[in-house]
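Below is a short report on backbone, strands and pocket. Please view the chain alongside it.

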Amino acid sequence: MKPIKEQNANMLSVIYCIDSNGVLGIEERDETGNLKFRQPINCKADKRYFLQVTKNKTVIMGGNTARSLLDETDSLLPGRHHVVLTSNKELASKLQEIGP
(Lines give C-alpha, C1' and ligand atoms only; values in the text may rest on other atoms or scores of the structure.)
Protein backbone atom coordinates (compact mmCIF):
# COMPACT_ATOMS: atom_id res chain seq x y z
CA MET A 1 0.00 0.00 0.00
CA LYS A 2 1.14 3.52 -0.71
CA PRO A 3 0.97 6.00 2.18
CA ILE A 4 -1.79 8.58 2.03
CA LYS A 5 -0.43 12.12 2.12
CA GLU A 6 -1.98 14.83 4.28
CA GLN A 7 -5.21 15.76 2.56
CA ASN A 8 -7.83 18.48 2.55
CA ALA A 9 -10.45 17.90 5.27
CA ASN A 10 -13.15 17.68 2.57
CA MET A 11 -11.32 14.91 0.73
CA LEU A 12 -12.65 11.35 0.69
CA SER A 13 -10.13 8.50 0.81
CA VAL A 14 -10.97 4.87 0.11
CA ILE A 15 -9.14 1.92 1.62
CA TYR A 16 -10.20 -1.60 0.74
CA CYS A 17 -8.73 -5.06 0.75
CA ILE A 18 -9.10 -7.69 -1.99
CA ASP A 19 -7.29 -10.91 -2.72
CA SER A 20 -5.56 -11.81 -5.99
CA ASN A 21 -8.89 -12.98 -7.45
CA GLY A 22 -10.65 -9.69 -6.64
CA VAL A 23 -12.57 -11.15 -3.68
CA LEU A 24 -13.57 -8.47 -1.17
CA GLY A 25 -14.98 -10.71 1.56
CA ILE A 26 -15.84 -14.32 2.31
CA GLU A 27 -19.01 -15.62 3.93
CA GLU A 28 -18.73 -18.93 5.75
CA ARG A 29 -20.45 -20.84 8.53
CA ASP A 30 -18.88 -21.32 11.94
CA GLU A 31 -19.00 -24.57 13.94
CA THR A 32 -22.50 -23.72 15.22
CA GLY A 33 -23.85 -23.01 11.73
CA ASN A 34 -23.95 -19.22 12.09
CA LEU A 35 -23.01 -17.23 9.00
CA LYS A 36 -19.76 -15.28 9.46
CA PHE A 37 -17.94 -12.81 7.26
CA ARG A 38 -14.17 -12.47 7.05
CA GLN A 39 -11.62 -10.64 4.97
CA PRO A 40 -9.89 -12.80 2.34
CA ILE A 41 -6.40 -11.92 3.59
CA ASN A 42 -4.94 -11.35 7.03
CA CYS A 43 -1.96 -9.02 6.82
CA LYS A 44 -0.96 -7.38 10.11
CA ALA A 45 0.96 -4.59 8.34
CA ASP A 46 -2.14 -3.67 6.30
CA LYS A 47 -4.31 -3.68 9.42
CA ARG A 48 -1.82 -1.43 11.25
CA TYR A 49 -1.78 0.93 8.27
CA PHE A 50 -5.59 1.06 8.22
CA LEU A 51 -5.73 1.78 11.97
CA GLN A 52 -3.11 4.53 11.60
CA VAL A 53 -4.73 6.44 8.73
CA THR A 54 -8.32 6.17 10.01
CA LYS A 55 -7.67 7.33 13.59
CA ASN A 56 -9.98 10.26 14.51
CA LYS A 57 -11.75 10.00 11.14
CA THR A 58 -15.14 8.85 9.89
CA VAL A 59 -15.14 5.26 8.65
CA ILE A 60 -17.92 4.13 6.30
CA MET A 61 -18.39 0.37 6.06
CA GLY A 62 -20.92 -2.20 5.03
CA GLY A 63 -22.78 -4.48 7.39
CA ASN A 64 -20.58 -7.51 6.70
CA THR A 65 -17.44 -5.58 7.65
CA ALA A 66 -19.11 -4.33 10.84
CA ARG A 67 -20.19 -7.89 11.67
CA SER A 68 -16.66 -9.21 11.16
CA LEU A 69 -15.29 -6.58 13.56
CA LEU A 70 -17.97 -7.41 16.11
CA ASP A 71 -17.21 -11.13 15.76
CA GLU A 72 -13.50 -10.51 16.40
CA THR A 73 -13.65 -7.88 19.15
CA ASP A 74 -17.29 -7.32 20.25
CA SER A 75 -16.87 -3.64 19.27
CA LEU A 76 -16.12 -1.40 16.34
CA LEU A 77 -12.83 0.47 16.01
CA PRO A 78 -12.15 2.90 18.88
CA GLY A 79 -11.33 6.53 18.12
CA ARG A 80 -13.42 6.70 14.96
CA HIS A 81 -16.93 7.77 13.95
CA HIS A 82 -18.60 4.79 12.26
CA VAL A 83 -21.21 4.88 9.53
CA VAL A 84 -22.52 1.38 8.82
CA LEU A 85 -24.61 0.77 5.70
CA THR A 86 -26.97 -2.14 6.33
CA SER A 87 -30.56 -3.22 5.84
CA ASN A 88 -30.16 -5.89 8.54
CA LYS A 89 -32.39 -4.81 11.45
CA GLU A 90 -30.69 -7.18 13.91
CA LEU A 91 -27.27 -5.69 13.16
CA ALA A 92 -28.64 -2.14 13.29
CA SER A 93 -30.14 -2.85 16.72
CA LYS A 94 -26.85 -4.33 18.00
CA LEU A 95 -24.93 -1.27 16.72
CA GLN A 96 -27.36 1.05 18.53
CA GLU A 97 -26.75 -0.89 21.76
CA ILE A 98 -22.98 -0.45 21.36
CA GLY A 99 -23.36 3.27 20.73
CA PRO A 100 -20.88 5.67 19.15
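## Two positive phi values

N56 is exposed in this predicted model. Its relative accessible area is 65%. That clears the cut-off, because exposed means over 50%. N56 sits in the loop between α1 (44-54) and β3. Its phi is near 65°, a positive value in a residue other than glycine. Most residues other than glycine have a negative phi.

D74 also has a phi near 65°, and D74 is not a glycine either. This residue lies in the loop that links α2 and β4. D74 counts as exposed, at 62% relative accessibility.

## The parallel pair and its crossover

Strand β3 covers residues 58-62. In a regular strand the side chains alternate between the two faces of the sheet. In β3, V59 and M61 point to one face and are buried. T58, I60 and G62 point to the other face and are not buried.

β3 pairs with strand β4 (residues 81-85) in the parallel sense. Five bridges connect the two strands. Across from M61 stands V84 in β4. Helix α2 (residues 63-73) joins β3 and β4 in a right-handed β-α-β unit.

## The hairpin

Strand β1 (residues 26-29) runs antiparallel to β2, with four bridges between them. R29 stands opposite L35 in β2. The two strands form a hairpin, and five residues lie between them. One residue of the turn, G33, has a positive phi of about 95°.

## The second largest pocket

Which elements each supply at least two residues of the lining of the second largest pocket? They are β2, α2 and α3 (89-98). The lining comprises N34, L35, K36, R67, L70, D71, N88, E90, L91 and K94. L35 thus appears here as well as opposite R29 in the hairpin.

By residue class, the lining divides into three nonpolar, two polar and five charged. The pocket holds about 220 Å³ of space.

## Confidence

The chain averages a pLDDT of 81. A score of at least 70 is reached by 86% of the residues. Where in the chain is confidence lowest, and where highest? Strand β2 (residues 35-38) is lowest, at a mean of 76. β4 is highest, at 91.

Both strands have appeared above. β2 contributes to the pocket lining and pairs with β1. β4 is the parallel partner of β3.

How values were computed. Residues numbered from 1 in each chain as written. Predicted model: local features only at pLDDT ≥ 70, side-chain atom pairs only at ≥ 80, totals over all residues. Heavy atoms only, no water. Buried < 20%, exposed > 50% of the residue type's maximum accessible area, 1.4 Å probe, protein only. Pairing = 2+ DSSP bridges. Right-handed = clockwise from strand over helix to strand, strands pointing away. pLDDT = per-residue confidence, 0-100. 1 Å grid on protein atoms, 1.4 Å probe; cavity = no way out; pocket = protein on both sides within 12 Å on 5 of 7 lines; lining within 4 Å. Points joined across faces, edges and corners; volume = space filled by probe spheres on them. Nonpolar A, V, L, I, M, F, W, Y, C, P; charged D, E, K, R; others polar.
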